[in-house]
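Colleague: Could you take me closely through the aromatic pairs of this model, and then through whatever surrounds them? I would like one connected account rather than a list.

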Amino acid sequence: MKDCIFCKIIAGDIPNYTVYEDDHVLAFLDIHPRAKGHTVVIPKIHAENYFDLNEELLEHVARGVRKAMEKIEHVLSPDGYNVGWNQGEAGGQEVPHLHVHIFPRYEGDGGGNMHSIVNNTGDTSVEEFSKLFS
Ligand code: 5GP
Ligand code: ZN
């Protein structure tokens with residue numbers, strides 16, 4: 001997409017520090033890292049979010065995340081990982097081209113886990129929510 005910063009990276013118009021690349025995905029170091037080796041993995045076809053990925057792209061992205069993690073594992077040997085993506089404005093997504101964040105984690109790095117992203121369940125019980133899904 002013309003004005004998409006990540007499409008420009010794929011096109012080579014903006015440089016990147018590549019961690020892993022194949023025909024379908026590019027993984028590169030985040031320019032404002034929140035962890036040592038903070039990497040983002042993007043499909044080479046513009047897709048705004050996870051719902052926009054067809055079955056084939058889903059597989060390519062999943063494989064690309066694993067490949068990038070293997071590379072990070074080999075190079076940095078972190079003690080753990082947090083992996084996920086921000087989706088939509090409410091989810092904190094700023095770049096509208098799906099990117100899976102890989103945060104390598106290290107003992108004593110001071111970070112939290114996924115549960116530290118939000119803690120606001122409102123008044124509805126888990127049981128009430130379960131009725132919506134049945
Ligand atoms: P979001 O909040 O959309 O999930 O995160 C976007 C991420 O992309 C941010 O972590 C930001 O640092 C990263 N980013 C934005 N522009 C660039 C860029 O031009 N190069 C690289 N390597 N990362 C970028
Ligand atoms: Zn794009």
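Modeller: Rings of Phe, Tyr and Trp, the last by its six-membered ring, are taken as a pair if their centres lie within 6.5 Å, with planes under 30 degrees apart counted as stacked and those over 60 as edge-to-face. The model is a predicted one, and by this rule the count comes to two aromatic pairs.

In one of them, the ring centres of F6 and F28 are 5.4 Å apart and the planes stand at 85°, so this pair is edge-to-face. It joins distant parts of the chain, since F6 belongs to helix α1 (residues 5-11) and F28 to strand β2, with their positions 22 residues apart. F6 and F28 are both buried.

The other pair is made by Y50 and W85, whose rings are stacked, with 4.2 Å from centre to centre and 20° between the planes. Y50 is found in the loop between β3 (39-43) and α2, and W85 in the loop between β4 (80-84) and β5, so that this pair ties together parts lying 35 residues apart in sequence. Y50 has a relative accessibility of 33% and therefore counts as partly exposed, and W85, at 34%, is likewise partly exposed.

From W85 one can move on to H101, a residue of strand β5, because W85 is among the residues in contact with H101 once neighbours within four places in sequence are left aside. The others in that set are D30, H38, T39, V40, N82, V83, G84 and N86. With a relative accessibility of 11%, H101 counts as buried, and its side chain is joined to that of H38 by a polar contact of 2.9 Å.

H101 also leads to ligand 1, which is surrounded by 15 residues, the closest being D30, G92, E94, H99 and H101. An N or O atom in the side chain of D30 is 2.5 Å from an oxygen atom of the ligand, while a polar side-chain atom of N86 lies 2.9 Å from an oxygen atom of ligand 1. For I31 the approach is through the backbone, where an N or O atom is 3.3 Å from a nitrogen atom of the ligand.

Strand β5 also holds R105, which is buried because its relative accessible area is 17%, under the 20% limit. Beyond its neighbours within four places in sequence, R105 is in contact with P78, D79, G80, Y81, N82, G111 and G112. A further ring to consider is that of Y106, over which the charged end of K36 sits, 5.9 Å from the ring centre.

As for the nonpolar interior, the largest core has 15 residues, of which A27, V41, L53, V61, V65, A68 and I102 touch the most other members. Two or more residues of this core come from each of β1 (18-21), β2 (25-29), α2 (55-76) and β5 (100-105), and α2 gives the largest share, with five. Apart from that core lies another, of nine residues, and here we return to the edge-to-face pair, as F28 is among its members together with I9, V40 and I42. Within the largest core, A27 can serve as an example: not counting residues up to four places away in sequence, A27 touches Y17, T18, V19, Y20, T39, V40, V41 and A68.

Definitions and conventions: Residues numbered from 1 in each chain as written. Chains lettered and ligands numbered in written order. Predicted model: local features only at pLDDT ≥ 70, side-chain atom pairs only at ≥ 80, totals over all residues. Heavy atoms only, no water. Core = buried A, V, L, I, M, F, W, Y, C linked by side-chain atoms within 4.5 Å. Buried < 20%, exposed > 50% of the residue type's maximum accessible area, 1.4 Å probe, protein only. Helix = DSSP H or I, 4+ residues; strand = E, 2+ residues; numbered from the N terminus. Contact = heavy atoms within 4.5 Å. Lys NZ or Arg CZ within 6 Å of the ring centre and 35° of its normal. Near = heavy atom within 4 Å. Polar contact = N/O pair within 3.5 Å; in protein donor to acceptor, adjacent residues only side chain to side chain.
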